[in-house]
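Me: Hi! I've got a structure open and would like to talk it through with you. Could you help me read it?

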Amino acid sequence: MAMALRCFRHLPSLLHRSSFATVRGLPQAPAGCPALLLDGCRQCGRQVLLTRQLATKKAKGKGQSQARVNISAALVEDVINLEETNEDMQAVVEALKEDFSRNLSVRTSPGVLDHIIVMTKDGKFPLNQLGQISQKSPQLLVVNMTNFPESTAAATKAIRESGMNLNPEVDGTIIRVPIPKVTREHRESLAKLAKQSTNKSKEALRKVRSKSINQVKKSKNKVSEDTIWLLEKQIQQMADSAAAEMDKLLAAKTKELLG
């Protein structure tokens with residue numbers, strides 16, 4: 001009992017801290033600290049702080065909007081890398097933003113053809129790695145296949161089947177791509193593609209979230225149920241935030257396309 005009291009003597013100063021800012025600053029366990037105190041005062045302090053925060057979140061969730069969970073990544077780095085999880089989710093958002101910019105614009109530019117993947121006998125390649133793409137006029141793009149003439153037919157097929165309503169014309173190793181006049185129907189078609197792209201991105205986001213939550217659950221023998229609950233909550237919040245960004249991107253793109 002005396003040994004246990006020596007351990008808990010260190011906790012009051014910890015409870016006055018407003019965040020989980022540091023782990024290294026927590027006091028080390030005195031020699032002989034009993035095992036039931038969760039591997040020393042450092043672990044005791046972490047557990048008390050997490051449980052204390054959990055109680056606060058649950059209390060605030062009754063009768064009002066629940067406060068956000070914000071666990072310091074340093075405290076749970078042995079369970080999951082929260083910064084890496086957030087980066088993975090933001091990468092999905094950035095990919096959607098890039099897709100909107102490249103493929104779903106009513107403005108003509110050589111870059112609109114860059115993403116098209118060409119199937120050749122040597123494998124798959126982006127069109128801009130096989131041909132030089134240039135813009136001759138607002139309604140005409142030209143792909144020069146001089147460097148890879150054997151891939152001209154494959155490139156033409158890829159452009160035609162890109163889903164961009166393009167009908168390329170071949171003249172030797174030169175592919176001319178007339179850009180159709182932007183009609184209301186075309187704008188509506190692009191808006192539908194934007195919605196489809198957003199749904200696919202949200203599915204990719206859910207996979208990142210599920211992978212992270214599964215990783216956390218595998219650590220249930222290392223940390224308490226309260227810690228698991230807090231981590232799952234924070235990962236869900238991160239996913240919700242990324243999904244909200246996607247919704248804003250979709251709303252802005254739809255407004256741009258349909259006015």
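Me: What should the 34 residues of α8 span at 1.5 Å a residue, and how far apart are its end C-alpha atoms?
Reply: The 34 residues of α8 should span 50 Å at 1.5 Å a residue, and the end C-alpha atoms are 49 Å apart, which agrees. The expected span is 1.5 Å times one less than the number of residues in the helix.

Me: Before we go on, what kind of model is this?
Reply: This is a predicted model, where local features need pLDDT of at least 70, side-chain atom pairs count only at pLDDT 80 or more, and totals for chains, interfaces and linings use all residues. Residues are numbered from 1 along each chain as its sequence is written, and side-chain values use heavy atoms, with hydrogens and water left out.

Me: Thanks. How many helices and strands does the protein have?
Reply: There are eight helices and six strands, in the order α-α-α-α-β-β-α-β-β-α-β-β-α-α along the sequence. Both are DSSP runs numbered from the N terminus: helices are H or I with at least four residues, strands are E with at least two.

Me: And how much of the protein counts as buried?
Reply: Of its 259 residues, 37% count as buried. Buried means under 20% relative accessible area, exposed means over 50%, and partly exposed is in between, with a 1.4 Å probe and protein chains only.

Me: Back to α8. What follows that helix?
Reply: Glycine 259 does, with a positive phi near 75 degrees.

Me: Glutamine 234 caught my eye in α8. Is glutamine 234 buried or exposed?
Reply: Glutamine 234 is buried, at a relative accessible area of 8%. Leaving out residues up to four places away in sequence, glutamine 234 touches Val69, Asn70, Ile71 and Leu82. Contact here means heavy atoms within 4.5 Å.

Me: Leu82 belongs to α4, right at residues 82–103, I see. Which residues of α4 are buried?
Reply: They are Leu82, Thr85, Met89, Val92, Val93, Leu96, Phe100 and Asn103. Seen down the axis of α4, they fall within an arc of 140 degrees, so they line one face of the helix. That arc is taken over the directions from the helix axis to the C-beta atoms.

Me: What do the buried residues of α4 pack against?
Reply: They pack against α7 (184–217) and α8 (225–258). The face turned away from the buried side carries the exposed residues Glu83, Glu87 and Ser101.

Me: What happens at the start of α4?
Reply: A side-chain oxygen of asparagine 81 comes to within 3.2 Å of the backbone nitrogen of glutamate 83.

Me: Moving to α7, which residues is serine 201 in contact with?
Reply: Serine 201 sits in helix α7 and contacts Val92, Leu96 and Met246, leaving aside neighbours within four places in sequence. Serine 201 counts as buried, at 12% relative accessibility.

Me: Let's switch to strands. What is the order of the open sheet of four strands?
Reply: The order is β3-β4-β6-β5, with antiparallel pairing. The edge strands are β3 (132–137) and β5 (169–171), each pairing on one side only. Two strands pair if DSSP finds at least two bridges between them.

Me: How many bridges join β5 to β6?
Reply: Three bridges join β5 to β6 (residues 174–178), and the two run antiparallel. Valine 170 stands opposite isoleucine 175, and aspartate 171 stands opposite isoleucine 174. The hairpin of β5 and β6 has two residues between the strands, and glycine 172 there takes a positive phi near 70 degrees.

Me: And on the other side, how do β4 and β6 pair?
Reply: In the antiparallel sense, over five bridges. Valine 143 has isoleucine 175 as its bridge partner in β6.

Me: Which residues are on the covered face of β6?
Reply: Ile175 and Val177 are on the covered face, while Ile174, Arg176 and Pro178 are on the uncovered one.

Me: One last thing: which strand does β1 pair with?
Reply: β1 (residues 117–120) pairs with β2 (residues 123–126) in the antiparallel sense, over four bridges. A hairpin of two residues joins β1 to β2, and threonine 120 stands opposite glycine 123.

Technical notes:
Polar contact = N/O pair within 3.5 Å; in protein donor to acceptor, adjacent residues only side chain to side chain.
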